[in-house]
Structure formats: C-alpha cells, structure tokens
Amino acid sequence: MLHGVSIDIEDGEFAVLVGPSGCGKSTLLRMLAGLEHVTSGEIRIGSEVVNELPPKDRDIAMVFQNYALYPHMTVAENMAFSLSLKGAPKAEIAEKVRPAAEILGLAKLLDRYPRQLSGGQRQRVAMGRAIVRDPQVFLFDEPLSNLDAKLRVSMRTEIKNLHQRLSTTTVYVTHDQIEAMTMADKIVVMHDGRVEQIGAPLELYDRPANLFVAGFIGSPAMNLLPGRVDGGRFVGDGGVSLPLPPPAPGASAGAGMIYGLRPESMSLGGDIPFRVEVVEPTGSETHVMGSVGGVPVVGVFRERIAARPGEEIHVGIDVGATHLFDAGSGMRLSA
C-alpha cells in the first residue's frame, strides 16, 4: 500500500525508484502502467490524467524483469509485435525495427530465436520492443536482476547510453542503490509505501534527509554511532569522543543523537582508536571492518593497511562530511 506519494518527473528525465523489497516501488510502477488500481490521487502523463485509461492507451512501454519474449518468434518479430498487433504496414515495421536493432547491437541477430541468445541479448530485445513503440514513457521493472554481476554493469551502461540518445522519459525500478546512483537523474527513495526523499544522486548521498536514506544510499553504508552532544564534541555510547559537524539547530547538549560517518571520510593517522576485525584489500582501496567505541564500523582507505585482527589503528575524520541525526525522529539536523 502506498501513502501520500507525490512525485514530479520532468520530460526526458531518468527517474529511479529505489528501496528494499516490499517498499512499494514496483506497485507504484504498475500504477503508472495501468496494471494496478489507483484509489485516490491522479497520475498524469504529459497533461493528461490517465487513471482510467487502460495500459494500451497510456503511451507507455514497459520492460520486465523476465524479458517476456515469445520463444516461437524471431528477434525481429518480437521487436515488431506491438506494431503487428496494430496492423502496421510491413514497410513501417521494418523502418522502426532496423534503427532500434542498430542502436542495441542486434542488427545481425534479427533472424535468431530467443533460445539462441544470451541473457544480455534477450534483455536488449525486450528493450528494442519498447523502443519501436516510440512511447512518451519507458517503464523498467528491475530489468537487470536476472543477469550476472559483470553483465549487469555493462547493461547498466547500455541503458544509460540509450536514454542519452533517445531522451525519452524513463522510470526505472531497482533495489540496487548502486544502479540508482550511477543511472539516475533523479532518485526516489521508498520505504514502507512512503517516499523518504527525492533528489539527485549526490544530493541524497551528501545530504540524506533521515537515518533510512543515510543507511540505504552508499556502499559500504554510512556508519551510524549512537550518543549525545557534550562540551562541543559528540560522545558515543561507548565513550569515544568525535568532532562535531557544523552546529545545527536542535543539537542540544545531552539529547540523544546519531552520528553519521561515511566509510571513506576516515583517514589514517588521527587520534580516534579503531579496533580492527577484518581487512579486505581490493587493490585500489582497503576496506577495514572493526569498531569505534564498541560500535561496529567500516572504513574505506586508499592506503594498503597491514593491520591484523585485534590490533588498534588510529584514524582521523573529515568533519565536514559527517552528519547528526535526531535519535527520536531519525531526521538529519541541518546546519
């Protein structure tokens, strides 16, 4: 169930609905498509209210998670299916299918059947079927979730390139916040049927509205340490003292607060003790799992760290990149 959702998506914008399973993002997409009933409010595509319009009359094209290709049809026939249903002339169909196939690198595969294609090629056919309709809006429902990790990265790039070439308004659903960050013009973070925050990717990353967004956007996730403000410092529940970000309204001494710290905002050589538990070298970075003041944290360092589990290192903090959240409401205190 959705509660009070209000979103404006500009013409030509790439908007991503992101959130955990069950947050309502796919339900919202299905409402846009006309596959779910809207009990109150309006859905507008362009200037037209489409609440009562059937899916076929909404001038949208949807790309599903499972490709939904017809196994007995060739690539060309699958891509042309909607046009064939409308009785479009063969010349018009060919005129639309060929450019779409060229854009998606499918021109040499038009006579093949889905069983002869890889997963990535099948997904491109599904996208091609949407392109030939030349809709006002593309709707993508977790289209990459069935692909392996390497193919997801390449398809992510292909979809973004496709949007840049066509400039068609796109609404894209995913639970993967990396997909959201790398692809979107605008991200809509959802949780329990509500919109938590709307904004550009780096806006959400740098200024999360609340604890949910802070913990969801970013990989590894933001470290969240409970404590209070005392004597111009943040004092964690475990006793560790941390520098405060710029003073914010509501950051009163003694009140319950949550200190937000991005893993990459730590650096070696400061005065804050960090007990090491696991070191994960990735080549360009080193991820260190451990604890600060007894609270589990993750640090991401550019240096190669040779610390062993159980050892203590000392880190500094980029205080300008830290945040304070009210422990009761979960809202970020803005400076």
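# Questions on selected residues and two domains

User: What is the relative accessible area of Asp 148, and how is the residue classed on that basis?

Analyst: In this predicted model, the relative accessible area of Asp 148 is 47%. Buried means under 20% and exposed means over 50%. The value for Asp 148 therefore lies between the two cut-offs, and the class is partly exposed.

User: Which residues have a backbone nitrogen close to the side chain of Asp 148, and at what distances?

Analyst: Asp 148 belongs to the loop between β5 (137-141) and α6 (149-166). A polar atom of its side chain lies 3.2 Å from the backbone nitrogen of Lys 150. For the backbone nitrogen of Leu 151, the distance to a polar atom of the Asp 148 side chain is 2.8 Å. The residues and distances are thus Lys 150 at 3.2 Å and Leu 151 at 2.8 Å.

User: How far apart in space are the C-alpha atoms of Asp 148 and Gly 120?

Analyst: In sequence, Asp 148 and Gly 120 are 28 residues apart. Their C-alpha to C-alpha separation in space is 9.4 Å.

User: Is Thr 174 buried or exposed?

Analyst: Thr 174 is part of strand β6, which covers residues 169-174. Its relative accessibility is 3%. Because that value falls under the 20% cut-off, Thr 174 counts as buried.

User: Which residue has a side chain in polar contact with the side chain of Thr 174?

Analyst: The side chain of Thr 174 also approaches a backbone atom, since one of its polar atoms is 2.9 Å from the backbone nitrogen of Asp 176. Beyond four places in sequence, Thr 174 is in contact with several residues, including Val 16, Lys 25, Glu 142 and Ala 180. The side-chain to side-chain polar contact, at 3.1 Å, is with Glu 179.

User: Glu 142 is in contact with Thr 174; what is the phi angle of Glu 142?

Analyst: Glu 142 sits in the loop between β5 and α6. With a relative accessible area of 14%, Glu 142 is buried. Although Glu 142 is not a glycine, its phi is positive, at about 45°.

User: Which backbone atom does the side chain of Thr 170 reach?

Analyst: Thr 170 lies in strand β6 and counts as buried at 2% relative accessibility. Leaving out residues up to four places away in sequence, Thr 170 touches Glu 13, Phe 14, Ala 15, Phe 138, Phe 140 and His 163. At 2.9 Å, its side chain reaches the backbone oxygen of Thr 168.

User: Is Asp 134 buried or exposed?

Analyst: Asp 134 is located in the loop between α5 (119-131) and β5. Its phi is near 50°, a positive value in a residue other than glycine. The relative accessible area is 57%, so Asp 134 is exposed.

User: Which two residues are joined by a cis peptide bond?

Analyst: Omega of this bond is about -5°. The proline concerned is found in the loop between α9 (211-216) and β9 (223-230). The cis bond joins Ser 219 and Pro 220.

User: How far apart are the centres of domain 1 and domain 2?

Analyst: The domain assignment places domain 1 at 14-210 and domain 2 at 220-333. The contact between them takes 7 residues from domain 1 and 8 residues from domain 2. Taken over C-alpha atoms, the distance between the two centres is 39 Å.

User: Which residues of domain 1 lose the most area to domain 2?

Analyst: The two domains bury about 600 Å² between them, and 47% of that area is on carbon and sulfur atoms. Three residues together account for 69% of what the domain 1 side buries. They are Tyr 205, Pro 208 and Asn 210.

User: How many residue pairs are in polar contact between domain 1 and domain 2?

Analyst: Between the two domains, the count of salt bridges is 0. For polar contacts, with both residues at pLDDT 80 or more, the count of residue pairs is 5.

User: How many residues does the chain have, and what percentage of them is buried?

Analyst: The secondary structure comes to 9 helices and 17 strands. Along the principal axes, the C-alpha atoms fill a box of roughly 75 × 45 × 25 Å. Among contacts between residues at least 6 apart in sequence, 66% join residues at least 24 apart. The chain has 335 residues, and the buried share is 46%.

Key:
Residues numbered from 1 in each chain as written. Predicted model: local features only at pLDDT ≥ 70, side-chain atom pairs only at ≥ 80, totals over all residues. Heavy atoms only, no water. Helix = DSSP H or I, 4+ residues; strand = E, 2+ residues; numbered from the N terminus. Buried < 20%, exposed > 50% of the residue type's maximum accessible area, 1.4 Å probe, protein only. Polar contact = N/O pair within 3.5 Å; in protein donor to acceptor, adjacent residues only side chain to side chain. Contact = heavy atoms within 4.5 Å. Domains from an automatic or database assignment. Buried area = accessible area lost by both parts, 1.4 Å probe. Salt bridge = Lys/Arg side-chain N within 4 Å of Asp/Glu carboxyl O.
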